[in-house]
Amino acid sequence: MTHFTSEEKAGVYRAIRERRDVRSGFLPDPLPQELLMRLLGSAHQAPSVGLMQPWRFIVIKTRTIREKIFEDFQDASVQEYETYSGDRARLYARLTLQGILTAPLNLCVVCDCNSSCGHSLGRHTMPETALYSAVCAIQNLWLAARAESVGLGWVSILHPEHVKSVLNIPTSMTLVGYFCMGFVEQFASEPELESIGWERRLSLEDVLRHETFDQEWSATRR
Ligand SMILES: Cc1cc2nc3c(=O)[nH]c(=O)nc-3n(C[C@H](O)[C@H](O)[C@H](O)COP(=O)(O)O)c2cc1C
């Protein structure tokens, strides 16, 4: 396989930089089947431990199913809200934390952590790598969606056992993520949580260490 051209490289970095979690501003247009398959195909090309491919995707369009998930979000969100007080509670109340009913499509990603596919390679001491593999698939999907002007929003303010029962997900499967998905006209230039002052983006140096965890990266440049 050949090297990337400068333009192709720029496209990859742009998708990474401009990917956003999208929970509002969805257009009502349904996603064409061909596009949906292309996006899910990108997810399916993710790396996985032992080539295990443990991700399973549930595409949800039916309103009544989405309403049940939305009700669970409302319950979970009230519980989360009650853990905050003062300014943070006021900020929380202002946030749009999901687009379950406003997006034309929902997607649930589950992980078959016990699949024999991959013959356990790489999972002997770290079984959790099955879950990490499923998250790699989600990130592929998120980046490909951005390139296609499709917004994707991760909704984790849910009770996983309830979602599993609504979607008939076997108990042996682990719920990894629930998403709202649809075309959007524009993507915000920065995370909403940053714009409203919920949290600031750390600098790269804040998360870098030199040789061992206890050595700050910045110390190496002095
Ligand atoms: C695992 C995971 C779960 C998330 N759950 C929620 C959620 O329930 N509601 C929400 O509004 N955003 C959720 N987000 C989105 C994050 O808030 C968002 O990714 C972060 O603020 C950075 O913004 P950006 O994705 O636009 O760069 C989730 C993101 C991840 C990775």
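**Exercise 1. Place G197 in the fold and say where it sits relative to the solvent.**

Start with location: G197 lies in the segment after α7 (192-195), where helices are DSSP runs of H or I with at least four residues, strands are E runs of at least two, and both are numbered from the N terminus. Before going on, note that this is a predicted model, so local features need pLDDT of at least 70 and side-chain atom pairs count only at pLDDT 80 or more, while totals for chains, interfaces and linings use all residues. Residues are numbered from 1 along each chain as its sequence is written, and side-chain values use heavy atoms, with hydrogens and water left out.

Next, accessibility: G197 is partly exposed because its relative accessibility is 47% (buried is under 20% relative accessible area, exposed over 50%, partly exposed in between, with a 1.4 Å probe and protein chains only).

Then the neighbours: leaving aside residues up to four places away in sequence, G197 touches R88 and L91, contact being heavy atoms within 4.5 Å. Finally, a distance: from G197 to L121 it's 43 Å, C-alpha to C-alpha, with their positions 76 residues apart in sequence.

**Exercise 2. Do the same for E80.**

First, E80 belongs to helix α3 (residues 63-81). Its relative accessibility is 28%, so E80 counts as partly exposed. Skip residues up to four places away in sequence, and E80 touches Y92 and I157. Last, V59 is 21 residues from E80 along the chain, and their C-alpha atoms are 27 Å apart.

**Exercise 3. How many disulfides are there, and which cysteine sulfur is nearest to that of C108?**

Apply the rule: a disulfide is a pair of cysteine sulfur atoms within 2.5 Å. The count comes to 0. For C108, which is in no disulfide, the nearest cysteine sulfur is that of C111, 12 Å away. C180 is in no disulfide either; the sulfur of C108 is its nearest, at 13 Å.

Now check burial. C108 counts as buried because its relative accessibility is 0%. C180 is buried too, with a relative accessible area of 0%.

**Exercise 4. Which residues form the nonpolar surface patch, and is Y13 buried or exposed?**

The patch is made of F4, V12, Y13 and I16, which together have about 430 Å² of accessible area (Shrake-Rupley method, 1.4 Å probe; for residues, only the protein chains shown count as cover). Patch residues need over 30% relative accessible area and no salt bridge; like charges are joined within 9 Å, and nonpolar side chains (Val, Leu, Ile, Met, Phe, Trp, Tyr) within 5 Å. A salt bridge puts a side-chain nitrogen of Lys or Arg within 4 Å of a carboxyl oxygen of Asp or Glu.

Zoom in on Y13: its place is in helix α1 (residues 6-18). With a relative accessible area of 56%, Y13 is exposed.
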